[in-house]
Every structure is written in structure tokens, then in C-alpha cells.
Amino acid sequence: VSWRILLEDLVAVYQQLTQEQPVKLPPKTTSYQDWAKQLLNYSHRKQEEIPPYLPFSKGGNSNQVSLPMDYPTINNNTVASSDRVCITLSLEQTHALQEEVSAAYHAYINEVLLAALTQSICQWTGQRSLVIDLEGHGREDLFEGVNLSRTVGWFTAIFPVGLELNSLNSLAEVIKSVKEQFRRISKKGIDYGVLRYLKQQSETQTPPEINFNYLGQIDAIAAQGFILGLAKESVGWVRSPRGSRRYLIEITGAIAQKQLQLTFTYSRQIHHRETVEALAQKVLATLDAFIVHCQSSNIGGHTPSDFASANLSQKQLDQFLGKLKQSGKKLS
């Protein structure tokens, strides 16, 4: 997010100077320091106002499932040993995910991607549950009078999420289930960081072995015509090669030039490249199956979070929508 702010300012200043105009940028928004103070004040509230962070939904199984490893006896997960596997969807596939799949299930694309990852990883592990660290921009609308739209800084929120699947075969159930479990997380995971770092609550669960971060459309600034796009050259090491990696597999998703790309970063000391390539291809096949599924007739549907104030279960919602359909009426 900070990149976008800085690049927009760079383009604006350059254009103003080339046209011999005085440099004028949009007004400043809430400072990073003020945000930190607000977050600290929030952490001081009564315990009942910030409930314990539970990675699994109520009644879920919080047992961590370990990933299969090709070199289980080697614990040398260093930055230097890391490698990447990338998959890129076509323009048509990316458009279908953004428009057709998301519309069919009233889900955001990050929820659709999370559903595909969950199903694929569970098929790999042979289990029906998964604990994964999700990473977000952290710029949530928590406080009145706070505007972070032009604030540069690292607000990133990282928080564990437990996901469970009742079925690995029903695509509709996978999408709906993951969407609902994700939306039960309060404040986009901010409370996890508040409780762990500001209220000093210790971790009671084994850290997740997988991280997922969806960056959105990362080359939007290029649409202005001044910046051509992302450079293909490597930026070199951003961390010491001797440093330790936190996760076994890190998955990053982004849309550039209207195509979705997923990058799987792993350690050559822990997994064969063929293993990670197989996982990436499994995810790609699942996303393709989602697209084909949603292009069929009478596919999709709402979930309880679409009508949160009604406080309905999925079964109750399905019954209501079924009766509505029989009456010939439509939701408005």
C-alpha cells in the first residue's frame, strides 16, 4: 500500500514539474505514530471488549496438522536455501475468478483463493483441517477520525486461521465453508496482534507452517502511463541469506497485467521442487474447477455472512431462499 502512495506522489510531482506548475500534493492523513497510540489505547480496554483470539471457529478442532516433508530430518530452513515456484493464470481465467466465481458465491477473490489453497493442501496432507497464517495490509477501519489512505508505513497484520472442510469433493461446500470461517474473524485479525504483542499474551498453539498473502492488483499505478510496470530484474537479497525462514511454504498472490500469479516460496533443504510444483499445479487445477463449476447453470448461492444481522444458519438460509425461489420472488 505504501508503494502505491509513494508512486502516486512521484508521478504527480513529476507531471507538475514538467508542466512548470507548483508542486502540490493531497493533504496529509493520520500519522503512523497516531495510529500506534490509538492501537495501544485500544489494547488497554477491558478484557471482555477484546475476547481471546481463537484461530478455529467455535467447536472446531485446533490440532495443528504438520505438512509432509521430503527431508524431515534436516532443520535448515534458511533464506539461502529458499526457492520459488510460480504459476500464472490466463487473462480469461483471472477475469472469471474475479467476476464469475466471486459473483456466484458473493465472495471476495482472496476468499476464493483461500478456498482453493485449503482444499489443495488438505488433499496433500490427507486431513480435513488446516492452520494457516494470513497476512493482510492491517489498515482496518477501527477508530473514528482516523484516515490512513495516504499514510506510509508497515501496518501489516499476520494472524493464524484454522479452517475445516466437511467435504473435499463438493466445490460449492468448500467455497461457502471457507468464506464463512474466514468472515468469523473479528477485525480482520487485528485482535490477534493486539493480544499477543500489546497485551503480552503467550502463544498456546504450534505456529502455522504456511503463510498466505494476497496483494491485490499491484500494477494499478502503471495505468497512468508514466510507470511502465514491474521490473523483471531481481532486487537481490532482502534478508541475510543466513537468516531463518519462519514458514515451510509462503504463498503470495497478486494480479499484474490483469493476470493472477501465485508464488510458492519453499526451502530446498525441506522440499523437493517437484513436490511444491505438484502442490502449485493442484491449486491451479482447483481454481480451474471453480471456474468451470461457476459457469454451470444454477450454481452459487448466499451464505449467512451475506445477511449477518439476520443471524441465520446455512440450513435456515437455504430453506428461506428455497421458499423465496418457489414463490417466484427475488432478493432485493
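Arg245 and Glu250 pair up through their side chains in a salt bridge, with N and O 2.8 Å apart. Keep in mind that this is a predicted model. Across the whole structure, a search turns up eight salt bridges, and a few of them are worth a walk-through here, along with a look at helix H5.

**The Arg245–Glu250 pair**
- Which partner is buried, and which is partly exposed? Arg245 is the buried one, at a relative accessible area of 8%, while Glu250 comes out as partly exposed at 26%.
- Because buried means under 20% relative accessible area, Arg245 with its 8% falls on the buried side.
- As background, side chains that carry opposite charges can pair when their charged atoms come close.

**Asp83 and Arg273**
- Another salt bridge joins Asp83 to Arg273, and their closest N and O atoms sit 3.3 Å apart.
- This pair links distant parts of the chain: Asp83 belongs to strand S1 (residues 82-88) and Arg273 to helix H7 (residues 273-294), 190 residues apart.
- Both ends are partly exposed, with Asp83 at a relative accessible area of 25% and Arg273 at 33%.
- There's a bit more to it, as salt bridges with shared partners bring Asp83, Arg273 and Glu277 together in one network.

**Lys188 and Glu140**
- Here the side chains of Lys188 and Glu140 meet in a salt bridge, at 3.9 Å from N to O.
- Where do the two residues lie? Lys188 is in the loop between helix H5 (171-183) and helix H6 (190-198), and Glu140 is in the loop between strand S2 (129-136) and strand S3 (157-164), so the pair ties together parts that are 48 residues apart in sequence.
- Lys188 counts as partly exposed, with 48% relative accessibility, whereas Glu140 is buried at 16%.

**Helix H5**
- H5, the helix just before the Lys188 loop, is made of 13 residues.
- From first C-alpha to last, H5 reaches 18 Å, which is close to the 18 Å expected at 1.5 Å a residue.
- How many of the 13 residues of H5 are buried? Ten are, so the helix is largely enclosed by the rest of the structure.
- Among the buried residues of H5 are Leu171, Val174, Ile175, Val178 and Phe182.
- The buried list for H5 also includes Lys176, Lys179 and Glu180, plus Ser177 and Gln181.

Terms used
Residues numbered from 1 in each chain as written. Predicted model: local features only at pLDDT ≥ 70, side-chain atom pairs only at ≥ 80, totals over all residues. Heavy atoms only, no water. Salt bridge = Lys/Arg side-chain N within 4 Å of Asp/Glu carboxyl O. Helix = DSSP H or I, 4+ residues; strand = E, 2+ residues; numbered from the N terminus. Buried < 20%, exposed > 50% of the residue type's maximum accessible area, 1.4 Å probe, protein only. Expected span 1.5 Å × (residues − 1).
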